[in-house]
Amino acid sequence: MSKLCLMRRFHHGFRVDDGFTLVELLIVILIIGVLAAIAIPSFLDQKGKADDATAKELARAASEAAETYETEHSGNYSGMTVKGLHELDHSLQTTEGGNNAYLKIAEEFESGKGYVVTSVAPTSNDSFTITRTGNGEFQRTCTGSASSGGCRTGVW
């Protein structure tokens, strides 16, 4: 067989007007729909967990700022506020709004011998609290929906 004959045979095997049938297109669209139905809820759950993790990290950073506050105030947490912690650590988000976790509460506990800091996650509104008691013990508690990723048991 000559080269020209092979080229003709190859060329005639594929017509210009060939394409996908309606059934093939519908099957592809159905498969894409099923994959999207599986992936989208999983993605949204992961976003909630990420927002809760951001709020947990903010509470931890506020706890460190509270320790700095105590060092600068003669070993006492008296007078500690959200604004005061923000002045020590400007990276602490202290205003609600947008897609950021924010520090809601920063106050003394047990007559200035301990403190309480609470941050709030942006989408789930879960709150994460670190309490330092007067004897130096830490408690990490949370409040929020049971379906969210970061606060299922009330502690973290």
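1. A quick word on terms before the notes: strands here are DSSP runs of E, at least two residues long, numbered from the N terminus. On that basis Thr131 sits in strand β3, which covers residues 127–132. Keep in mind throughout that this is a predicted model.

2. The overall layout is easy to follow. The protein chain has 3 helices and 4 strands, and along the sequence they run α-α-α-β-β-β-β. Of the 156 residues, 28% are buried. The chain exposes about 10,400 Å², and carbon and sulfur atoms account for 60% of that. If you take contacts between residues at least 6 apart in sequence, 39% of them join residues at least 24 apart.

3. On to the core. The largest nonpolar core holds 23 residues, and Met80, Leu85, Leu92, Leu103 and Val117 have the most contacts inside it. Two or more residues each come from α2, α3, β1 (102–109), β2 (114–120) and β3. The largest share is from α2, with 8 residues. As background, nonpolar side chains in soluble globular proteins tend to be buried together.

4. Val117 is a good residue to click on if you want to see how that core is put together. Setting aside neighbours within four places in sequence, Val117 is in contact with Ala59, Ala62, Ser63, Leu85, Leu103, Ile105, Ala106, Phe128, Thr129 and Ile130. Two of the core's best-connected residues, Leu85 and Leu103, appear among these partners.

5. Back to Thr131. With a relative accessibility of 9%, Thr131 counts as buried, because the cut-off is under 20%. Beyond four places in sequence, Thr131 touches Phe109, Tyr115, Val116, Glu137, Phe138 and Gln139.

6. How many aromatic pairs are there? The count comes to 2. In one of them, the ring centres of Tyr77 and Tyr115 are 5.0 Å apart and the planes meet at 55°, so the pair is tilted. This pair ties together distant parts of the chain, with Tyr77 in the loop between α2 and α3, Tyr115 in strand β2, and their positions 38 residues apart. Both rings belong to buried residues: Tyr77 has a relative accessible area of 1%, and Tyr115 has 0%.

7. The other pair is Phe128 with Trp156. Their ring centres lie 5.8 Å apart with the planes at 90°, so this one is edge-to-face. Here too distant parts of the chain are linked: Phe128 is in strand β3, Trp156 is in the segment after β4 (138–143), and they are 28 residues apart. Is each partner buried or partly exposed? Phe128 is buried, at 0% relative accessible area, whereas Trp156 is partly exposed, at 27%.

8. Have a look at Ser78 as well, in the loop between α2 and α3 (82–88). Ser78 is partly exposed, with 34% relative accessibility. Not counting residues up to four places away, Ser78 touches Tyr69, Glu108, Ser111 and Gly112. Ser78 and Phe109 are 31 residues apart in sequence, and their C-alpha atoms are 8.3 Å apart in space.

9. Last, the surface. Which residues make up the nonpolar patch there? They are Val23, Ile27, Ile31 and Leu35, which together have about 380 Å² of accessible area. Ile27 belongs to helix α2, residues 22–72, and is partly exposed at 47% relative accessible area. So α2 carries Ile27 of this patch as well as giving the core its largest share.

Conventions. Residues are numbered from 1 along each chain as its sequence is written. This is a predicted model: local features need pLDDT of at least 70, side-chain atom pairs count only at pLDDT 80 or more; totals for chains, interfaces and linings use all residues. Side-chain values use heavy atoms; hydrogens and water are left out. Patches are made of residues with over 30% relative accessible area and no salt bridge: like charges are joined within 9 Å, nonpolar side chains (Val, Leu, Ile, Met, Phe, Trp, Tyr) within 5 Å. Accessible areas come from the Shrake-Rupley method with a 1.4 Å probe; for residues, only the protein chains shown count as cover. A salt bridge is a side-chain nitrogen of Lys or Arg within 4 Å of a carboxyl oxygen of Asp or Glu. Buried means under 20% relative accessible area, exposed over 50%, partly exposed in between (1.4 Å probe, protein chains only). Contact means heavy atoms within 4.5 Å. A nonpolar core is a set of buried Ala, Val, Leu, Ile, Met, Phe, Trp, Tyr and Cys residues joined through side-chain atoms within 4.5 Å. Rings of Phe, Tyr and Trp (its six-membered ring) pair if their centres lie within 6.5 Å; planes under 30 degrees apart count as stacked, over 60 as edge-to-face and the rest as tilted.
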